[in-house]
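Subject: Structure handover

Hello,

I am passing this structure on to you, with the sequence alongside. My notes on what was found follow below.

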Amino acid sequence: MKTLFFALLLTSLRAAAVTPPDTTTGKPAQAAPRTERPWYRPSHLALQTGGGLGMVAAGAGYEFSKSRLETDILIGYVPKYYAGSTLSLASLKFMYSPFRLPVGEKFQVVPLTVGAYFSYTHGTINDELKGQYSSDYYWFSTDTRYGPLLGSRLTFLAPPISATGQPRKISAYYELGSNDLYLASYLNNRNGGLGVGQLLTLALGLKVDF
């Protein structure tokens, strides 16, 4: 009986020695190592409507200074039906977000973003063709605009990209803006001119990290 017992014990010890340990249970999966993003690669994509930058505008952007500073490059479009001619717009935006407020584990609110933009519009009806109007007919540019921006956003903290380990954010935002022409018209016609509401533009958009 003892001989049979020791024979079974020796057999089990040999089996345990040649069987690899099970590492698939009881331990969390390791996250993919995070890779550095090349300096030329944008950090996010953007899509918005309104804001004086087109009926729809899309592009990409970069983040700096721990995501507090952002710059976006957008291409916008307005159909001929709404503008009298088909418009294409190229825009550059700079935004600063001084702080963020966490809301649970998956969301954060950026209560304040401030910035400025510059845009160029191609395809305007009065596009300042040579000799079309006298030099003093328009005192302002008909195809370039610039002005301030003020907004806020709500961000969803999505799981990191599995291939690179890069964190991801999906943000919905709004921006109130104005431009040089609106502000100059308001200041020059304060009696019976533009109302405060007519100075503002509204943009609604999404930003997605990738």
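One residue is a convenient place to start. Once neighbours within four places in sequence are set aside, T121 has contacts with L87, S88, L89 and D143. T121 sits in strand 6. Its relative accessible area is 11%, which is under the 20% cut-off, so T121 counts as buried. Please keep in mind throughout that this is a predicted model.

The chain as a whole

The protein chain has three helices and nine strands. Read from the N terminus, the order of elements is α-β-β-β-α-β-β-β-β-β-α-β. The chain has 210 residues, and 29% of them count as buried. If one takes the contacts between residues at least 6 apart in sequence, 58% of these join residues at least 24 apart. The exposed surface of the chain comes to about 14,100 Å², and 66% of that is supplied by carbon and sulfur atoms.

The largest pocket

T121 also belongs to this part of the description. The lining of the largest pocket is made up of 20 residues, and those nearest the centre are G52, T121, R145, N179 and Y182. The volume of this pocket is about 360 Å³.

Which elements each supply at least two residues of the lining? They are strand 4 (residues 87-96), strand 6 (107-122) and helix 3 (180-188). Strand 6 gives the largest share, with three residues. By residue type, the lining of the largest pocket has eleven polar, seven nonpolar and two charged residues.

The cavity

The structure also holds one cavity of 30 Å³ or more. The space in the largest cavity is about 70 Å³. Its lining consists of H44, E63, E70, R100, Q108, R153, T155, K169, S171, K207 and D209. Two or more of the lining residues come from each of strand 7 (144-158), strand 8 (168-177) and strand 9 (201-209). Charged residues account for seven of the lining and polar residues for four, with no nonpolar residue among them.

Aromatic pairs

A pair of aromatic rings is described by how far apart the centres are and by the angle between the planes. The count of aromatic pairs in this structure is three. One of them is formed by Y81 and Y82, with 4.9 Å from centre to centre and 85° between the planes, an edge-to-face arrangement. Both Y81 and Y82 are exposed.

Another pair is formed by F107 and F156. Why does this pair count as tilted? The ring centres are 5.4 Å apart and the planes stand at 50°, which falls between the limits of 30 degrees for stacked and 60 for edge-to-face, so the pair of F107 and F156 is tilted. The pair links distant parts of the chain, since F107 is in strand 6 and F156 in strand 7, with their positions 49 residues apart in sequence.

Both rings belong to residues of intermediate accessibility. F107 has a relative accessible area of 36% and F156 has 29%; buried means under 20% and exposed means over 50%, so F107 and F156 each count as partly exposed.

F107 has further links. Apart from neighbours within four places in sequence, F107 is in contact with P102, L154, T155 and F156. One of these, T155, is also in the lining of the largest cavity. S171 is another residue of that lining. F107 and S171 are 64 residues apart in sequence, while their C-alpha atoms are 9.5 Å apart in space.

Two serines in one loop

The last item concerns the backbone. S65 is found in the loop between strand 2 (56-64) and strand 3 (69-78), and S67 is in the loop between strand 2 and strand 3 as well. Phi is positive in S65, near 50°, in a residue other than glycine. S67, also a residue other than glycine, has a positive phi near 70°.

Is each serine buried or partly exposed? S65 has a relative accessible area of 45%, which lies between the 20% and 50% limits, so S65 is partly exposed. S67 is at 18%, which is under 20%, and therefore S67 counts as buried.

Regards

Terms used
Residues numbered from 1 in each chain as written. Predicted model: local features only at pLDDT ≥ 70, side-chain atom pairs only at ≥ 80, totals over all residues. Heavy atoms only, no water. 1 Å grid on protein atoms, 1.4 Å probe; cavity = no way out; pocket = protein on both sides within 12 Å on 5 of 7 lines; lining within 4 Å. Points joined across faces, edges and corners; volume = space filled by probe spheres on them. Helix = DSSP H or I, 4+ residues; strand = E, 2+ residues; numbered from the N terminus. Nonpolar A, V, L, I, M, F, W, Y, C, P; charged D, E, K, R; others polar. Buried < 20%, exposed > 50% of the residue type's maximum accessible area, 1.4 Å probe, protein only. Contact = heavy atoms within 4.5 Å. Areas by Shrake-Rupley, 256 points an atom, 1.4 Å probe, with all protein chains shown as cover. Phe/Tyr/Trp six-rings, centres within 6.5 Å; stacked < 30°, edge-to-face > 60°.
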